[in-house]
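I open this notebook to record what I looked up, entry by entry. I begin with the surroundings of the ligands and then go on to the fold and some loop residues.

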Amino acid sequence: MVLRIKVDEEKCTGCGICKEECPKGAKIWNVDKKAMATNLRYCHLCTICASKCPEGAILIERDAENETEKQDNEEDLGN
Ligand code: SF4
Ligand code: SF4
């Protein structure tokens, strides 16, 4: 799975709510003048940040690129 969290710089005011509300806030979010999600390996996709952002500036994208690989592994286990 590939995960991206994009912050729209035009909309972001740097209020820091995303960092405050995120359960892993300090590990993931870096908020200076604008917010940036930096350590996405800590993210568990709860989507709280996106729902709490007052500007609607956060976009969470994920795609399941590894689904085929996962299915192959499951078949192997059956042998
Ligand atoms: S909550 Fe939204 S507007 Fe506030 S810092 Fe985070 S991304 Fe920017
Ligand atoms: S989806 Fe949840 S864990 Fe991930 S950055 Fe947003 S609030 Fe934090």
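Entry 1, ligand 2. I sorted the shell around ligand 2 by class and got ten nonpolar, two polar and one charged residues. The shell holds 13 residues. I noted C22, C43, C46, I48 and C49 as the closest to ligand 2. The model I am reading is a predicted one.

Entry 2, ligand 1. I repeated the look-up for ligand 1 and found 14 residues around it. C12, C15, C18, A35 and C53 are the closest of these. By class, I have ten nonpolar, three polar and one charged in the shell of ligand 1.

Entry 3, fold. I assigned four helices and four strands to the protein chain. Their order along the sequence is β-α-α-β-β-α-β-α. I then looked at contacts in the protein chain with a separation of 6 or more, and 54% of them join residues 24 or more positions apart. Of the 79 residues in the protein chain, 16% are buried.

Entry 4, core. I asked which residues have the most contacts inside the largest nonpolar core. They are C18, C22, I28, W29, C49, C53 and I58, in a core of 13 residues. Both β1 (2-7) and β3 supply at least two residues of this core. As background, I wrote down that nonpolar side chains tend to be buried together in soluble globular proteins. Some names recur from the ligand entries: C22 and C49 are among the closest residues to ligand 2, while C18 and C53 are among the closest to ligand 1.

Entry 5, I58. I took I58 from the core list and left out its neighbours within four places in sequence. What remains in contact with I58 is I5, V7, C18, C49, A50 and C53.

Entry 6, P23. Where does P23 lie? I found P23 in the loop between α1 (17-21) and α2 (25-28). I count P23 as exposed because it has 12 C-beta neighbours inside 10 Å, and the cut-off for exposed is 12 or fewer. I also checked P23 against H44: the two are 21 residues apart in sequence, and their C-alpha atoms are 9.1 Å apart.

Entry 7, L45 and T47. I looked up phi for two residues in the loop between β3 (35-37) and α3 (48-52), starting with L45. L45 has a positive phi of about 60° and is not a glycine. T47 lies in the loop between β3 and α3 as well, and its phi is positive too, near 65°. I made a note of these values because most residues other than glycine have a negative phi. Are these residues buried or exposed? L45 has 11 other C-beta atoms within 10 Å, so I list L45 as exposed. T47 has 12 C-beta neighbours inside 10 Å, so T47 goes down as exposed.

Entry 8, T38. I placed T38 in the loop between β3 and α3. With 11 other C-beta atoms within 10 Å, T38 is exposed. Which residues touch T38, leaving aside its neighbours within four places in sequence? I found I28 and N30 in contact with T38, and I28 is one of the core residues listed in entry 4. Last, I compared T38 with K27: they are eleven residues apart in sequence and 8.1 Å apart in space, C-alpha to C-alpha.

Terms used:
Residues numbered from 1 in each chain as written. Chains lettered and ligands numbered in written order. Predicted model: local features only at pLDDT ≥ 70, side-chain atom pairs only at ≥ 80, totals over all residues. Near = placed C-beta within 6 Å. Nonpolar A, V, L, I, M, F, W, Y, C, P; charged D, E, K, R; others polar. Buried ≥ 20, exposed ≤ 12 C-beta atoms within 10 Å, placed from the backbone. Contact = placed C-beta atoms within 7 Å. Core = buried A, V, L, I, M, F, W, Y, C linked by C-beta atoms within 7 Å.
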